[in-house]
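This report describes selected features of a protein model. The sequence and structure are shown first, followed by notes on individual residues, the nonpolar cores and one helix pair.

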Amino acid sequence: MRPVVRLALAMGLKHVQLEELLRDLLLDEAHRLWRAKGVKAPNISQLSVTTGLNRKMVTAKVRETADPLPNTDVSPSAKTVTLWLQFLSDDAAYRRLPIMGDAETPSFEKLAREGSRGNVHHRAILDELVRLGMVDEDDGYVELKADAFVPAQDLRSMLAFLGDNSRDHLFASVSNILGERPPMLERSVYANGVTPEDCERIHAFVRQRWSTLHHELVDKMTHAVDTAGDSALGRIRVGIYTYFENAEKPSGTGDGES
């Protein structure tokens, strides 16, 4: 929880906001636990006993409406950029595309149509990417500036990605600890007593390897989605992370998993 608290304090949140968030999560998970036991609509008393919250507080929270962060899983802008990066892996010339093109010419309009499954007009996606500073538009052409979909100029979207990525990483670890299913991949490698320059070099190495794996994963996931039937409900997220800092700890290397 320490990184979450660090982020909260940096953004001016106080104990009262964090306590409210924890209450919401306690109730969400209590609902899930009761539903897993076959109770479709747990009552106030059941939720109160499970969470330790008093009945008055549970009643008030149950009646509130939520204001969730954007769902990053269905972002047409993110999917369009991902497809664009796939094109770039084949030919660097695709970094600059005409906004519109004929049937034989690659264009942003085609990418956006595929990325949104035809549900969002390409102009709306282009305007969003321009707003986020990820593309430049000029005289009927658009050029990709980013190497990944990182909406740095949209704090709300950045927080949404933080939530989704961190959540699924922790879900994998928690699932392994609770033994709810066969173990999922959740590994890390660490080293203490290295120079900042070596940290940067290792970071660059991981970025390079991830770029290759990223393109391969997109191909496999795209194929899986395209060939799955309408009844398919599974979802998968594959991630990687690197973190380094100066720390006063003994030198050494190792790995870890849950």
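Which residue's side chain does the side chain of R131 join in a polar contact?

## R131 and its partner

The model discussed here is predicted. In it, the side chain of R131 forms a polar contact of 2.8 Å with the side chain of E128. R131 belongs to helix α7. Its relative accessibility is 42%, between the limits of 20% and 50%, and R131 is therefore classed as partly exposed.

## The α6–α7 pair

Helix α7 also packs against α6; the two axes lie 9 Å apart and enclose an angle of about 100°. Because that angle falls in the range from 65 to 115 degrees, α6 is described as roughly perpendicular to α7.

On the α6 side, the contact is made by F108, E109 and A112, and on the α7 side by H122, I125, L126 and L129. By class, the residues of this contact comprise five nonpolar, one polar and one charged.

## The nonpolar cores

The largest nonpolar core contains 19 residues. Those with the most contacts inside this core are W84, F108, L129, V135, V142 and L144. Two of these names, F108 and L129, also appear in the contact between α6 and α7. Two or more residues of the core come from each of α5 (76–90), α6 (108–115), α7 (122–131) and β3. The greatest contribution is that of α5, with five residues. In soluble globular proteins, nonpolar side chains tend to be buried together.

W84 illustrates how the core is connected. Apart from neighbours within four places in sequence, W84 is in contact with Y94, R95, L97, F108, L111, V135, V142, E143 and L144. A second core, separate from the largest, has six residues, among them L27, A30, W34 and L47.

## R23, a buried arginine

R23 lies in helix α2, which spans residues 15–36. Is R23 buried or exposed? R23 has a relative accessible area of 17%, which is under the 20% limit, so R23 counts as buried. When residues up to four places away in sequence are set aside, R23 touches L53, M57 and K61.

## D139, a loop residue

D139 is placed in the loop that links β2 (135–138) and β3 (141–144). Its phi is near 50°, a positive value in a residue other than glycine. The relative accessibility of D139 is 71%, and because this is over 50%, D139 is classed as exposed.

Key:
Residues are numbered from 1 along each chain as its sequence is written. This is a predicted model: local features need pLDDT of at least 70, side-chain atom pairs count only at pLDDT 80 or more; totals for chains, interfaces and linings use all residues. Side-chain values use heavy atoms; hydrogens and water are left out. Helices (H or I, at least four residues) and strands (E, at least two) are DSSP runs, numbered from the N terminus. Buried means under 20% relative accessible area, exposed over 50%, partly exposed in between (1.4 Å probe, protein chains only). A nonpolar core is a set of buried Ala, Val, Leu, Ile, Met, Phe, Trp, Tyr and Cys residues joined through side-chain atoms within 4.5 Å. Contact means heavy atoms within 4.5 Å. A polar contact is a pair of N or O atoms within 3.5 Å; within protein, one must be able to donate a hydrogen and the other to accept it, and residues adjacent in sequence count only if both atoms are side-chain atoms. Axes are lines fitted to C-alpha atoms, for helices over the stretch in contact, and angles run from 0 to 180 degrees between N-to-C directions. Angles under 35 degrees count as roughly parallel, over 145 as roughly antiparallel, 65 to 115 as roughly perpendicular and the rest as oblique. Ala, Val, Leu, Ile, Met, Phe, Trp, Tyr, Cys and Pro count as nonpolar, Asp, Glu, Lys and Arg as charged, and the others, Gly among them, as polar.
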